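Welcome, and please take a moment to look over the sequence and the fold before reading on. The report below goes from strand pairing to single residues and then to the whole chain.

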Amino acid sequence: PAVTTIHAGPYDKLSEAYAAIEHWMETEGLVAAGAPWESYLNDPSDFPDPKDWKTEVFWPVASR
């Protein structure tokens, strides 16, 4: 199992998505069970404005 969220905006703000996932995992009694990864849902060359960039973040989890 993995927790996922979609970050909308520039890549330098991705840490906010990771912080939100970590907070949610803590409140749900879950712990990280592997390294997180990202999937880029659109291409910056097609969407030059960073506010339009979308990145899906996945983080494997396990119960405490």
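## How the strands pair

Let us begin with strand S3, which covers residues 37-40 and is joined to S4 by four bridges, the two running antiparallel. One place to see this pairing is Tyr40, which stands opposite Thr55 in S4. Please keep in mind that this is a predicted model.

Strand S4 itself covers residues 54-63, and it also runs antiparallel to strand S1, residues 2-8, with seven bridges between them. Here you can look for Ala8, which has Lys54 of S4 opposite. Strand S2, residues 30-32, pairs with S4 as well, in the antiparallel sense and over three bridges. In that pairing, Val31 has Ala62 as its bridge partner in S4.

## Two residues of strand S4

Two residues of S4 make a helpful contrast. Is Thr55, a residue of strand S4, buried or exposed? Its relative accessible area is 0%, so Thr55 is buried. Setting aside neighbours within four places in sequence, Thr55 is in contact with Thr5, Ile6, His7, Tyr11, Leu14, Glu38, Ser39 and Tyr40. Thr55 and Pro10 are 45 residues apart in sequence, while their C-alpha atoms are 9.1 Å apart in space.

Ser63 is found in strand S4 too. Its relative accessibility is 61%, and therefore Ser63 counts as exposed. With neighbours within four places in sequence left aside, Ser63 is in contact with Gly29, Leu30 and Val31. Ser63 and Asp52 are 11 residues apart in sequence, yet from C-alpha to C-alpha they are 34 Å apart.

## A buried asparagine in a loop

Now move to the loop between S3 and S4, where Asn42 is found. Why does Asn42 count as buried? Its relative accessibility is 14%, and buried means under 20%.

What does the side chain of Asn42 reach at 2.8 Å? It reaches the backbone oxygen of Asp52. A polar atom of the Asn42 side chain also lies 3.1 Å from the backbone nitrogen of Lys54. Not counting residues up to four places away in sequence, Asn42 touches Tyr11, Phe47, Asp52, Trp53 and Lys54.

## Aromatic rings

How many aromatic pairs does a search of the whole structure find? There are four aromatic pairs. In one of them, the ring centres of Trp37 and Phe58 are 5.1 Å apart and the planes are at 10 degrees, so this pair is stacked. Trp37 belongs to strand S3 and Phe58 to strand S4, so the pair ties together parts that are 21 residues apart in sequence. With a relative accessible area of 43%, Trp37 is partly exposed.

Another group to find is the cluster of Tyr11, Tyr40 and Trp53, which are linked by ring pairs. Two of these names have come up before: Tyr11 is among the residues that Asn42 touches, and so is Trp53.

## The salt bridge

The structure holds one salt bridge. Its partners are the side chains of Lys51 and Asp52, which meet at 3.1 Å, N to O.

How accessible are the two partners? Lys51 is exposed, its relative accessible area being 57%. Asp52, by contrast, is partly exposed, at 26%. Asp52 is also the residue whose backbone oxygen is reached by the side chain of Asn42.

## The chain as a whole

Stepping back, the secondary structure of the protein chain comes to one helix and four strands. Read from the N terminus, the order of elements is β-α-β-β-β. The C-alpha trace spans about 40 × 15 × 15 Å along its principal axes.

What share of the 64 residues counts as buried? The figure is 27%. The protein chain exposes about 4200 Å², and carbon and sulfur atoms supply 56% of that area. Among contacts between residues at least 6 apart in sequence, 66% join residues at least 24 apart. The bridges between S1 and S4, which you met earlier, join residues 2-8 to residues 54-63.

Definitions and conventions: Residues numbered from 1 in each chain as written. Predicted model: local features only at pLDDT ≥ 70, side-chain atom pairs only at ≥ 80, totals over all residues. Heavy atoms only, no water. Pairing = 2+ DSSP bridges. Buried < 20%, exposed > 50% of the residue type's maximum accessible area, 1.4 Å probe, protein only. Polar contact = N/O pair within 3.5 Å; in protein donor to acceptor, adjacent residues only side chain to side chain. Contact = heavy atoms within 4.5 Å. Phe/Tyr/Trp six-rings, centres within 6.5 Å; stacked < 30°, edge-to-face > 60°. Areas by Shrake-Rupley, 256 points an atom, 1.4 Å probe, with all protein chains shown as cover. Salt bridge = Lys/Arg side-chain N within 4 Å of Asp/Glu carboxyl O.
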